[in-house]
Each structure stands twice: as C-alpha cells, then as structure tokens.
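Colleague: Please pick one part of this model and look at it closely. Then work outwards from there.

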Amino acid sequence: MNSIAGPSNSNTEQEDGSLIQLPVKNVSTDLIVPFLIRQKVLPNIDDALSTIIPTTNQPQCFNYNHHPHPLTLVIFSNEVATAVVGEQKNVIDAEGEMMLCDACITPIHKSCPPHMYYSCDKCKFFLHLSCYNLPSGLEHDHGEGLHKLSLGVKGALSWSFCDFCLFFTNGLFYRCEDCSFQIDVKCASMPAVIRHEANRQLKLIIGRYVKEVRDFDCSACGYTFSSYYRYAYASENCDFNLHPACAMLPRIVRHKLDKHPLPLAYPPYSHHSGDIYCEICEEEIHPKRWTYYCRECDQFFHNPCLTQSAIEYTNIKFGHQLVLEKCHRSDHPLTFTLGSLRHTCSLCPKIVYYDIAFECASCYFSCCDTCAGIDVLE
Ligand SMILES: [Zn+2]
Ligand SMILES: [Zn+2]
Ligand SMILES: [Zn+2]
Ligand SMILES: [Zn+2]
Ligand SMILES: [Zn+2]
Ligand SMILES: [Zn+2]
Ligand SMILES: [Zn+2]
Ligand SMILES: [Zn+2]
C-alpha cells in the first residue's frame, strides 16, 4: 500500500510531472482516478477506467460491501438527460434530479466514457465506476506516521466529520484503525503536491508542521489556521498557504443572487476599478482574497459567504425518503433535505429554512431534526 499524503512521497509525485491541477472539473475522473492509479488499483495509462469495466459475461448484479443490496451496472447512451452546470453535463433521473455518487458526493456526469455507473435503484444509491473501486484499506499519514485506514459508510442520515476539509459527509469515508481520524474519499484522494490555477505549486504539510504556518493566513479566504487544522497546502517558502477546503473550492458554483454560473476568481481584480463588495453580506471584499465572480453582472461574492450557505453541505447527499409515522401521515414519505418549503418547523419554532429538514411536498409540512427524532451528527 502507498502512503497518499505527506512529505515522504511528495518528491516522486513532483518528479513525474503529473501534478493534479486544481480546481478539478470532475472529482471522479480528475481526482479519484489518479488516486486509484497511485494506489495501484488502476494501471497508469490514459484510458485507465476502461480496465475496470466488467465484461458482459459477468453477472449483472454486484454485491458491494458498503451497501445492503446488490448493485446493477447502468450503461447510459449519449442521449441521456443531463443538466448543464458550468462546463459539466450532469446526468439527471426521471424526476429531473441530479444523481450524486454516494461515495464522493459529486454528480454522475457524462463528460467522458465509459458512460456507466453502479446503482441500487430502490435506494437511489449510485457510484461512479472509479468510486466503486476505491481500495478498502490504505496507509495514511495524518501527523503521527503511517496509520491504517479502512473504508466505511454510516448511511444517508448519519454524518461523519472529515478531519481534512473540516466538513461533514454522509458518503463513503476512511476511518483510522489506530486513532480517531476520519477523512472523506474526496479528501483522501488529494495528493501531497498540487498545482492550483492560482498558479502556484503547493505541498501538503501535515500535523505539527501546520503549527509553523499558523501565523500565516490562508491566501484564499484570509482566515488563520485554527488548532483544528492538521493540514495545509503551502508554497515552498510558506508565503502562500491554503486551507485544504480552500484548495478544493469548486471551480464553479451557483447562487440564487445571480442567474449565471459563478467561477472562482483570483486577485488582482485589475479589470474592476474601485472597491469590491460582496453581494451576500454587502461588506467590502479584501482585494487580495479569492472570490466568486460573475463577469456578465459584474457581481462579486466572498468565498466564506458562499461557504457558509452552499458549500458547508457540499459533501452531504440529500433526497433520502423515509416514513416518520410519529410526525406525519404514514402514506406521505418525507424527504431529507435542506429546508426550502417553510421558514419554521411545522411542529416547533425551530427554523428549518436552509437547515436540515424533513419535508412533505404535497402538504407543505416540514419538520426539524429534533422533531423527527433523527440526530445526523450522533
Ligand atoms: Zn464518486
Ligand atoms: Zn439499496
Ligand atoms: Zn474532507
Ligand atoms: Zn490514525
Ligand atoms: Zn482558506
Ligand atoms: Zn450573473
Ligand atoms: Zn421541530
Ligand atoms: Zn404530507
């Protein structure tokens, strides 16, 4: 097994010139496939994914360790229904919902072949071809040498904290067998050396090394590295540092205040004269911070303002349906979602708008996690 992160293996990655360029277009193909190659699950060839396509004479049902039901391999045609988000075409289901992979919580997309994914239709459980092949164990450095991680999942309604990006996930994640460390599969796939579009080559520093850069601020968001951080991406002389989550900021986001896709933008904002302000909080934006920017509307957004709303749940898959008889009619399944139907819970005064909610679309019912009796952070 290979270590995936840490100064120890960074030189080899640097020398072979195959640095991951962030932000990636597709997590599954641009981040997880290279990880599988480093883990020797896939051969180091251009068309690596083609080597893990099951042949047709194999059974059509696949038993998978991390899901209770057998999965089927779905092959989609070029005419599959998609929704365009930025530069990516994401596959949508019959209800027009975007289909998210239950491992990496990013869309099933049709950017490049092979056009297939694994599915449990009943549970709306989907996996990228790459994510289906994630190694069940690996060695990992999270500050105290190499520890053994094993792959697991807790379920749609049970979240795990990622010690790398500091967000929760309800997708697959690796748990350390030697300590309490946990990391989602997207973060586990991040290499020790990256190149960021902001034009810097950055090296992952781990554990006690992060303390040495703590006096510096993150070059993307401007915030410090609090004691929660075990990792930072830093330039050679540490004059440019990124929180792992900032290094992984998506290339393009959407926000209801702008009808266009918003690309990540970097200083200097020389095309724009005068001070710049965030459309969400209306505060001034520091001219040296990264932003999301719409050129058509000339609108800027603080990345932390977007982070607090849209990106905080970036690794959570919503949409799970369940019957909660003690809260609502048993013939009306509720949908686990980010509340959008009502401002407050139908059963108590708690605000459910843009928070965890269990909604029934047919009767304008929405209840909070407490009333539902479900603690996702348990
Ligand atoms: Zn995936
Ligand atoms: Zn299932
Ligand atoms: Zn993470
Ligand atoms: Zn550990
Ligand atoms: Zn940051
Ligand atoms: Zn716009
Ligand atoms: Zn309530
Ligand atoms: Zn109802």
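Modeller: I start with one metal site, then move to a second site, a helix and a surface patch.

This is a predicted model: local features need pLDDT of at least 70, side-chain atom pairs count only at pLDDT 80 or more, and totals for chains, interfaces and linings use all residues. Residues are numbered from 1 along each chain as its sequence is written, chains are lettered from A and ligands numbered from 1 in the order written, and side-chain values use heavy atoms, without hydrogens or water.

Take the zinc ion (ligand 2). Its protein donors are H67 (NE2), H69 (ND1), C120 (SG) and C123 (SG), lying 2.0 to 2.2 Å from it. Donors are N, O and S atoms within 2.8 Å of the metal (3.2 Å for Na, K and Ca); water is not among the atoms, so sites may look incomplete. The angles among the four donor atoms are 100 to 115°, and the site is tetrahedral (all angles between 85 and 135 degrees). The ideal angle for four tetrahedral donors is 109.5 degrees.

In sequence, the donor residues are spaced H-x1-H-x50-C-x2-C. H67 sits in the loop between β2 (61–62) and β3 (71–75), while C120 is in strand β6 (residues 116–120), so this pair ties together parts 53 residues apart in sequence. Strands (E, at least two residues) and helices (H or I, at least four) are DSSP runs, numbered from the N terminus. Both H67 and C120 are buried. Buried means under 20% relative accessible area, exposed over 50%, and partly exposed in between (1.4 Å probe, protein chains only).

Now the zinc ion (ligand 6). Its donors come from D258 (OD, listed twice), H260 (ND1), C294 (SG) and C297 (SG), at 1.9 to 2.7 Å. The spacing reads D-x1-H-x33-C-x2-C. D258 in strand β19 (residues 258–265) and C294 in strand β22 (residues 291–294) link distant parts of the chain, 36 residues apart. Both D258 and C294 are buried.

Next, helix α2 (residues 27–38). Its twelve residues should span 16 Å, at 1.5 Å times one less than their number, and the end C-alpha atoms are 16 Å apart, which agrees. Ten of the twelve residues are buried, including V27, L31 and F35. Just after α2, K40 takes a positive phi of about 65°.

Last, the surface. Y354 lies in the loop between β25 (334–338) and β26 (356–360). Y354 counts as partly exposed because its relative accessibility is 36%.

Conventions: Four donors count as tetrahedral if all angles lie between 85 and 135 degrees; four count as square planar and six as octahedral if opposite donors are over 155 degrees apart and all others between 65 and 115; anything else is irregular.
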